[in-house]
Amino acid sequence: MNRRQILALASMTIPGFLMTKLDSAQALTFGKKFHSSLGALVTESSSLKVGDIQIFTGSTSSGKNVEVVLTRTKKGVFALNGACTHQGCGVAAEGTKLVCPCHGSTFNANSGAVIRGPRGSSKNSIRPLAKFKVTEYKGKIYIK
Ligand code: FES
């Protein structure tokens with residue numbers, strides 16, 4: 001396999017790798033309805049304005065808590081797994097960014113891209129925050 005083929009393969013597999021997949025055994029719930037094809041209902045569309053960053057805590061069927069960061073831009077709604085990819089601490093919103101309180105990693109709140117790695121490490125030392133698939137349907141925001 002030559003260099004070009006390796007890069008082409010990486011470009012096809014990395015986005016899938018970065019998506020958070022929830023199998024049915026781990027389906028998230030936020031104490032609201034679960035839509036069989038759209039996923040877990042997180043909140044009403046009207047409660048998330050352009051520029052907002054909101055963090056919700058859902059739970060899996062096995063009882064594990066999962067933090068989900070919802071943001072809205074003029075391009076739409078984005079959902080990220082709020083667990084820092086360094087050691088799993090929950091990120092917090094700081095202005096337009098997400099900052100990990102444990103070791104200072106900083107992420108883009110819409111894309112999950114790493115802006116700064118943990119203290120003493122480069123930004124390339126950790127992965128971006130994983131994304132959930134988001135659907136807005138009839139005034140509600142669902143993720144899966
Ligand atoms: S756990 Fe987030 S920076 Fe270390």
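Over which residues does pLDDT stay under 50? Select residues 2-17 to begin: throughout this segment of the predicted model pLDDT stays under 50, and the model has one contact for these residues beyond four places in sequence. With that segment still highlighted, colour the whole protein by confidence, keeping in mind that its mean pLDDT is 86 and that 82% of its residues reach 70 or more.

Next, move to the sheet and display strands β1, β2, β12 and β11, which in that order make up an open sheet of four strands with antiparallel pairing. Look at its edges, where β1 (34-35) and β11 (134-137) each have a single partner strand, so that one side of each is left without a neighbour in the sheet.

From the β1 edge, step across to β2, which pairs with β1 in the antiparallel sense over two bridges. The two strands form a hairpin, with three residues between them. To see one of the pairings here, select His-35 together with Gly-39 in β2, its bridge partner.

Now follow β2, residues 39-44, to its pairing with β12, residues 140-143, where four bridges join the two antiparallel strands. Which residue in β12 stands opposite Ala-40? Selecting Ala-40 and looking across to β12 brings you to Ile-143. Further along, select Thr-43, which stands opposite Ile-141 in β12. When viewing side chains in this part of the tour, it helps to recall that in a regular strand they alternate between the two faces of the sheet.

Finish at β11, residues 134-137, which stands at an edge of the sheet with a single partner strand.

Key:
Residues numbered from 1 in each chain as written. Predicted model: local features only at pLDDT ≥ 70, side-chain atom pairs only at ≥ 80, totals over all residues. pLDDT = per-residue confidence, 0-100. Contact = placed C-beta atoms within 7 Å. Pairing = 2+ DSSP bridges.
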